[in-house]
Amino acid sequence: MEVCVDSVRSAVEAERGGASRIELCASLAEGGITPSLGLLRVVKSTIKLPVFVLIRPRGGDFLYSSQEVDVIREDVKLCKENGADGFVFGALTSSGDVDHQICKEFIELCRPLPVTFHRAFDMCRDAYTSLRDIINLGFERLLTSGQETSALEGLPLIKEIIQQAKNRIIVMPGGGINERNLDRILTESGAREYHCSARSTEDSSMVHRNNRVAMGASLKSPEFSYKFADKELIQTLKDIQAAV
């Protein structure tokens, strides 16, 4: 069970709930971007779980400029120096194929650490060609919602690519996984690993509140509540997994 987190509190809750590892990122509200070194260092000093770091220089698509690739190189170097146990990454060409050149360099920079190809896969033009490319490049894991909004909706494709992979790569369903659908997703797909956020929402402790102002764009999270990985929900998911 991999839990994606964007705070120290969520990392602690994930460990207490029984997660196997975490994917560390910032700004889950926009799908996750590269976390700060401060967050990585504090998380590493606080929990004992393996910490896989998301490398994504910005939100939006996965077509990266040369300057963004420079940022990616620096982020990998610095995260390795500060205790990352693995990396999560994906890059595409403008035509929706896996970007071999960038991904090959990325994997070489990350070694000897393991690397997961993330849900950029769900934006690929051809799932089967992209699966072959990702395997041939040497990624250890593939995170996917089956090219649909959620893993439940993408379950038919997830099942097919697990069969196509033939144990050459670990395929992790991810996207909208919760206690109501985990059993079905694991049972029907045959997946042995999965990815979730298992988050709850909690009201802010702020007493003074200016509700006229928000620190974000038009698509924004509520200002005076926040989401965090929920230990009890993680434990529930682990129990469901154990029963499959």
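Let's start in the core: Leu237 is buried, with a relative accessible area of 0%. Buried means under 20% relative accessible area, exposed means over 50%, and partly exposed lies in between, using a 1.4 Å probe and protein chains only. Leu237 sits in helix H8.

A word on the source. This is a predicted model, so to speak: local features need pLDDT of at least 70, side-chain atom pairs count only at pLDDT 80 or more, and totals for chains, interfaces and linings use all residues. Residues are numbered from 1 along each chain as its sequence is written, and side-chain values use heavy atoms, with hydrogens and water left out.Back to Leu237. Which residues does Leu237 contact, leaving aside its neighbours within four places in sequence? They are Met1, Asn178, Glu179, Leu182, Tyr194, Cys196 and Ala198. Contact here means heavy atoms within 4.5 Å. Take Cys196: it is 41 residues from Leu237 along the chain, and the two C-alpha atoms are separated by 9.5 Å.

Lys231 is also found in helix H8. Lys231 is partly exposed, at a relative accessible area of 29%. Beyond its neighbours within four places in sequence, Lys231 touches Glu13, Arg16 and Gly17. Gly176 is 55 residues from Lys231 in sequence, and their C-alpha atoms are 17 Å apart in space.

Now helix H1, residues 8-17. Helices and strands here are DSSP runs, numbered from the N terminus: H or I over at least four residues for a helix, E over at least two for a strand. The buried residues of H1 are Ser10, Ala11, Val12, Glu13, Ala14 and Gly17. Just after H1, Gly18 takes a positive phi of about 105°.

Next, the sheet. It is open, has 8 strands, and pairs in parallel. The order is S7-S6-S5-S4-S3-S2-S1-S8. Strands S7 (170-173) and S8 stand at the edges with a single partner strand each, so one side of each has no neighbour in the sheet. Two strands pair if DSSP finds at least two bridges between them. Strand S2 (residues 21-24) and strand S3 (residues 51-54) pair in the parallel sense over 3 bridges. Glu23 stands opposite Phe52 in S3.

On to charges. Side chains of opposite charge can pair when their charged atoms come close. For a salt bridge, a side-chain nitrogen of Lys or Arg must be within 4 Å of a carboxyl oxygen of Asp or Glu. How many salt bridges does the structure hold? There are 17.

One of them joins Asp97 and Arg125, at 2.7 Å from N to O. The pair links distant parts of the chain, 28 residues apart. Asp97 is in the loop between strand S4 (86-89) and helix H4 (100-110), and Arg125 is in the loop between strand S5 (115-117) and helix H5 (127-137). Arg125 counts as exposed, at 56% relative accessibility.

Another pairs Asp133 with Arg132, with the closest N and O atoms 3.3 Å apart. Asp133 is buried at 8%, while Arg132 is partly exposed at 46%.

Then Arg141 and Glu193 meet at 2.9 Å, N to O. Arg141 lies in strand S6 (residues 141-144) and Glu193 in the loop between helix H7 (182-189) and S8, so this bridge ties together parts that are 52 residues apart in sequence. Are these residues buried or exposed? Arg141 is buried at 12%, and Glu193 counts as buried at 18%. Shared partners join Glu2, Arg21, Arg141 and Glu193 into one network of salt bridges.

Last topic: empty space. The search uses a 1 Å grid over the protein atoms alone. A cavity is a set of points where a 1.4 Å probe fits but cannot get out, and a pocket is an open set with protein on both sides within 12 Å along at least five of seven lines. Lining residues have an atom within 4 Å of a point. Points are joined across faces, edges and corners, and a volume is the space filled by probe spheres set on the points.

The largest pocket has a volume of about 800 Å³. Of its 35 lining residues, the closest to the centre are Cys4, Gly31, Arg119, Gly175 and His195. S9 gives the most to this lining, with 3 residues. By class, the lining has 13 nonpolar, 13 polar and 9 charged residues. Nonpolar means Ala, Val, Leu, Ile, Met, Phe, Trp, Tyr, Cys and Pro; charged means Asp, Glu, Lys and Arg; the others, Gly among them, are polar.

There is 1 cavity of 30 Å³ or more. Its volume is about 40 Å³. Val69, Ile72, Arg73, Ile102, Glu105, Phe106 and Leu109 line this largest cavity. H4 gives the largest share of that lining, 4 residues.
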